[in-house]
Amino acid sequence: MAVWIQAQQLQGDALHQMQSLYGQHFPIEVRHYLSQWLEGQLWDVIDLENPQEEFKAKRLLDSLIQELQNKAEHQVGEDGFLLKIKLGHYASQARMTAALWSWLVREASNSSSPVGGMMDSMSQKYQQINQVFEELRLLTQDTENDLRKLQHNQEYFIIQYQESLRIQAQLTSLATLPPADRQLREPTLLSKRATVEAWLTREANTLQKYRLDLAEKHQKSLQLLRKQQTIILDDELIHWKRRQQLAGNGGPPEGGLDILQSWCEKLAETIWQNRQQIRRAEHLRQQLPIPGPIEELLNDLNSTITDIISALVTSTFIIEKQPPQVLKTQTKFVATVRLLVGGKLNVHMNPPQVKATIISEQQAKALLKNENTRNDSSGEILNNNCVMEYHQATGTLSANFRNMSLKRIKRSDRRGAESVTEEKFTILFESQFSVGGNELVFQVKTLSLPVVVIVHGSQDNNATATVLWDNAFAEPGRVPFIVPDKVLWPQLCEALNMKYKAEVQSNRGLSEENLVFLAQKAFSSSSINPDDYRGMTMTWSQFNRESLPGRNFTFWQWFDGVMELTKKHLKPHWNDGAILGFVNKQQAQDMLMSKPNGTFLLRFSDSEIGGITIAWRMVWNLMPYTAKDFSIRSLADRISDLNHLLFLYPDRPKDEVFSKYYTPPLSKAVDGYVKPQIKQVVPEADLIT
């Protein structure tokens, strides 16, 4: 016998105990209507302590949501109508829960904080948001009930008012009757009129009180709505945008928008319900004007709710996928914009078109000041119009620009020492759409992260420096695109480490010793220790305008060269810990001095961009290798070629470290031909013995 059928036969305390197992977290209606499906699932096979089981658990939860949705859609009749609404509500709650836990797991995995503590903290924060939504739902339900009561009382008042007019008409008509008849009927009518008028006076005061009480409750709802919206838009959404910007520097992915969209949709739904209630209250006031302050109160409420929904709609028009921040002319690029409340407000019923335009930093500043910048642009983008599409399965409304290309760019006059790779632009996305059957029309705009336009690949590294500095040190709500001219060295170290790990695709970041070396290079001092550099600042000019002493390249250009070389040719060796890298020539000599002959280490070249050299006990330093050298013969093979190299510092046999990367020996001759082999040698005369 099925478990749920047995449960329905329980009585007394056993029945109460069973009922206590269910509640808002898992309604008993869900258990009842999905009993057969629930009992057919293999719940016990999921190990709740194993993070690897998350996908399996999520798939099961998605199936539960789908079953709920299917059950809701197949309800018919009067009872079925109410059940359809209930089950649909439970499905929405479950979908939001699924999105929330997916968000929590992703946020925790992207953080360096202890996962358990962070999960608890975030769960508590999101629980508070959901509690406020529940409070708003109850407030909105309460004002809906009050509004219906007000409407009922007002309708009865109008009926009684019509009765008073009828009595007055009867009194007026008595003038045509003989005096005896008039004296007989007049007292009764006068008494009726007095009674009705007294009731109308009392009821008018009561109606006015109902209206004022309702307005006061709406004021409370709107205050709570505005506070909740501020948390979601000014905290959570801004944090998401900040993570998106840091992801441009190699930070963790910003994460999906599902949970934010679900919150924004709840806001939109609650705002719209309150707006309709306020409009109905205004209609009742116009239907039966009663002198008092209610007209002004309703005007204020209507203005406030319009401001709230306007802020919601304009703030949730966002860029889900940013265009590339280093943008080369005549090159295809993509971007995606999304309206988080588009589905809930039925914007997709008349799909809006989005236009993309490239504008300068000055034009962006003018735009945010609401100065007239219509038709202003700083270049021409091909395929820059796109219609927003509604994806019913996910409930998202978005425009996917798949084939944009910057045909030309118009540069402004540069300031001082500023180069073209320091000039910032942005892609402006704008659209117009209506809500509620053209009741409200919104002009929406959003700016991309800063974009640096280049025309040649040789400009890429300097453009990347501009983007890195901006992404790392931009503050939320800034005037476009102001960033500090100098920052603390540890802040820059954090940005460099984030970029390095992302570019090299390695969990091995820059160590404390590496960062000390970089500080010594950046500040041209070999005496800096960790305690010294923590309080030092570095300017943009030191970072990527001024050349390092005795060199023809900047600090960033040197560091970028190291990243490029490691990413393309040295990644496995860096991940294995075989490359010390950030060691200067004198340090290398000091480290090798006490080691046996044949001990060597790998360090990045001081004198050449994107170079690495072998320092060993006999020769000290070979001429640096570059990417061009490694395209001919790999680092591992070059180390294998040099028989004088025996131990990787401090004492690891070289074959133990590098043999797995050696190129296998060539096969025997094919068709009578023997393929020649390139091999590296160091002239014996150059060896120091």
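These legends walk through a few close-up views of a predicted model.

**Overview. The whole protein, before zooming in.**
Start with the full chain: there are 689 residues, and buried ones make up 44% of them. Count up the secondary structure and you get 21 helices and 17 strands. Among contacts with a separation of 6 or more, 67% link residues 24 or more positions apart.

**View 1. An open antiparallel sheet with the order β6-β4-β9-β10.**
Four strands line up here, and the pairing is antiparallel. Look to the edges for β6 (385-387) and β10, each of which pairs on one side only. Going from one strand to the next, the twist averages 25°. Two helices keep this sheet company. Helix α10 (residues 294-315) packs on the sheet and touches β9 and β10, with its direction making about 40° with that of β10. Helix α11 (residues 361-368) lies across β4 (353-360), β9 and β10, and runs at about 120° to β4.

**View 2. The β9-β10 hairpin.**
Zoom in on strand β9 (residues 425-435), which is antiparallel to β10 and joined to it by 8 bridges. The two strands make a hairpin with 4 residues between them. In that turn sits Gly436, with a positive phi of about 65°. To find your way along the ladder, use two pairs: Val435 stands opposite Leu440, and Phe429 stands opposite Thr446.

**View 3. The two faces of strand β10.**
In a regular strand, side chains alternate between the two faces of the sheet. Strand β10 (residues 440-447) is a handy place to see two such faces. Leu440, Phe442, Val444 and Thr446 make up the covered face. Val441, Gln443, Lys445 and Leu447 belong to the uncovered one.

**View 4. Helices α13 and α17 crossing.**
Here helix α13 (residues 489-504) meets helix α17 (residues 555-575), their axes coming within 9 Å and crossing at roughly 35°. The crossing is right-handed. On the α13 side, the residues that take part are Trp489, Leu496, Lys499, Tyr500, Glu503 and Val504. The α17 side brings in a longish list, including Phe555, Trp556, Phe559, Val562, Met563 and Trp574. Sorted by type, the residues of this contact come out as 10 nonpolar, 1 polar and 5 charged.

**View 5. Glu503 and its partners.**
Stay with the same pair of helices and pick out Glu503, which belongs to α13. Its side chain is joined to that of Lys567 by a polar contact of 2.9 Å. Setting aside neighbours within four places in sequence, Glu503 is in contact with Met563, Glu564 and Lys567. Those three partners are among the α17 residues that meet α13.

**View 6. A mixed sheet with the order β15-β14-β16-β17.**
This is another open sheet of 4 strands, this time with mixed pairing. The edges belong to β15 (612-616) and β17 (652-653); each has a single partner strand, so one side of each is left without a neighbour in the sheet. Strand β14 (residues 599-604) pairs with β15 in the antiparallel sense over 5 bridges. As a landmark, find Leu601, which stands opposite Ala615 in β15. You'll also meet α17 again here: the helix lies across β14 and β15, running at about 135° to β14.

Notes: Residues numbered from 1 in each chain as written. Predicted model: local features only at pLDDT ≥ 70, side-chain atom pairs only at ≥ 80, totals over all residues. Heavy atoms only, no water. Buried < 20%, exposed > 50% of the residue type's maximum accessible area, 1.4 Å probe, protein only. Pairing = 2+ DSSP bridges. Axes fitted to C-alpha atoms, helices over the stretch in contact; angles between N-to-C directions. Left-handed = near helix turned anticlockwise from the far one by under 90°. Contact = heavy atoms within 4.5 Å. Nonpolar A, V, L, I, M, F, W, Y, C, P; charged D, E, K, R; others polar. Polar contact = N/O pair within 3.5 Å; in protein donor to acceptor, adjacent residues only side chain to side chain.
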